[in-house]
Amino acid sequence: MNYRHAYHAGNHADVLKHIVLARVIEHMKKKDKAFRVIDAHAGIGVYDLKGIEAGKTGEWETGIGKMAAPFSPEVEALIAPYREAIAKLNPQGGIVQYPGSPDLALGLMRYDDRMVANELHPEDAMTLQRNLGWDERVKVTELDADTCIKANLPPPERRGVILIDPPYEVKNEAERVIRMIRHGLRRFAQGVFMLWYPVKADGLENVLTSEVQAMGVASTLRVELMVREAFDAGGLAGSGLLILNAPWKLDEDLRVIVPALAERLGLGAFGRGTVEWVVPPK
Ligand SMILES: C[S@@+](CC[C@H](N)C(=O)[O-])C[C@H]1O[C@@H](n2cnc3c(N)ncnc32)[C@H](O)[C@@H]1O
């Protein structure tokens, strides 16, 4: 396991993923009943953008570094929870600390909502425990993501969001994530499963989409943000998420937000944001 998210935190892919996650959680909160977040690849929770790792790549400058100027009031209203989570971590203003997915989710969760934050890398799991483990709503575990999903589904609350966000550094990661979703759905068919994927020039996004489409789960949404053209050995050109059992009207939010992100984060005149149903709602 070579991947450390500290090198990539706050990049354009994180901005998309975290804004979508925040919207999903806001939709979950529309019902009084508590829910559980299972963050199967949680990372360390909080990232220092002035730290050595972030400084080595400067990736955050392609993402959160471009988000300072306000968008239209309509977009700002929808991304307010994301903005507030960042502001809470940076009381002095500016953005030095950046919230990873478990910190962001925790900041938005209510008193009765619960989270399992899982991270396989032992050192990162320890940092995660230090960053978030003090909160009684969180349980930090150090399992393989597949085991974590199997062990925690169905959640006692019978409402839940499962984030699958691996580094795709092993060859069979696509098969593994598809297996995880199958295992998860078997135990918890109504769960909101969010699968993050990178867009390079290898067609992974279409392989994953076809596999997920074949599962036939109503309300499966695909959201994608391309910041430049994908070409061989060109690295991360964009990213996306497949969301199974997407909350009602999440698509409407994302159709407002994602084109604005594409315009802001696209390089030069390039920038494409798409939101489409892979399996429509019933
Ligand atoms: C992309 S990062 C997660 C970022 C985090 N979700 C966020 O948005 O802030 C992927 C994480 O998965 C961890 N990881 C890799 N393989 C794993 C596995 N099999 N099970 C659980 N975690 C794993 C890595 O150590 C890394 O911290």
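How do the residues of the shell around the ligand divide into nonpolar, polar and charged? In this predicted model, eight residues of that shell are nonpolar, eight are polar and five are charged. The shell comprises 21 residues, and those that come nearest to the ligand are H18, H41, E119, D144 and D165.

Individual polar contacts can be described for two of these nearest residues and for one backbone position. In the side chain of H18, an N or O atom is placed 2.8 Å from an oxygen atom of the ligand. The side chain of D144, in turn, has an N or O atom that is 2.7 Å from a nitrogen atom of the ligand. At S101 the contact is made by the backbone, where an N or O atom lies 2.8 Å from an oxygen atom of the ligand. When the ligand is taken alone it exposes 600 Å², and the protein buries 96% of that area.

Attention may next be given to the empty space in the model. Rolling a probe the size of a water molecule over the atoms shows where empty space is left. The second largest pocket has a volume of about 380 Å³, and of the 15 residues that line this pocket, M28, K31, R159, P247 and W248 are the closest to its centre. The lining of the second largest pocket divides into six nonpolar, four polar and five charged residues.

Several features of the backbone were found in loops. The peptide bond that joins L153 and P154 is cis, with an omega of about -5 degrees, and P154 is found in the loop that runs between helix α6 (145-152) and strand β6 (160-164). Two residues that are not glycines have a positive phi. One of them is S219, with a phi of about 60 degrees, which lies in the loop between α8 (204-215) and β8 (220-226). S219 has a relative accessible area of 14%, and it therefore counts as buried, since the cut-off for that class is under 20%. The other is N245, whose phi is about 55 degrees although N245 is not a glycine, and this residue lies in the loop between β9 (238-244) and α9 (250-265).

Three further buried positions were considered together with their separation from residues elsewhere along the chain. I25 is part of helix α1, which covers residues 12-28, and because its relative accessibility is 0%, I25 counts as buried. The C-alpha atom of I25 is separated by 25 Å from that of R176, a residue 151 positions away along the chain.

G45 belongs to the loop between β1 (36-39) and β2 (46-48), and with a relative accessible area of 0% G45 is likewise buried. Between the C-alpha atoms of G45 and V279, which are 234 residues apart along the chain, the separation is 32 Å.

G266 is located in the loop between α9 and β10 (272-279), and at 8% relative accessibility G266 also counts as buried. Although G266 and G63 are 203 residues apart in sequence, their C-alpha atoms are 9.7 Å apart in space.

Conventions
Residues numbered from 1 in each chain as written. Predicted model: local features only at pLDDT ≥ 70, side-chain atom pairs only at ≥ 80, totals over all residues. Heavy atoms only, no water. Near = heavy atom within 4 Å. Polar contact = N/O pair within 3.5 Å; in protein donor to acceptor, adjacent residues only side chain to side chain. Areas by Shrake-Rupley, 256 points an atom, 1.4 Å probe, with all protein chains shown as cover. Nonpolar A, V, L, I, M, F, W, Y, C, P; charged D, E, K, R; others polar. 1 Å grid on protein atoms, 1.4 Å probe; cavity = no way out; pocket = protein on both sides within 12 Å on 5 of 7 lines; lining within 4 Å. Points joined across faces, edges and corners; volume = space filled by probe spheres on them. Helix = DSSP H or I, 4+ residues; strand = E, 2+ residues; numbered from the N terminus. Buried < 20%, exposed > 50% of the residue type's maximum accessible area, 1.4 Å probe, protein only.
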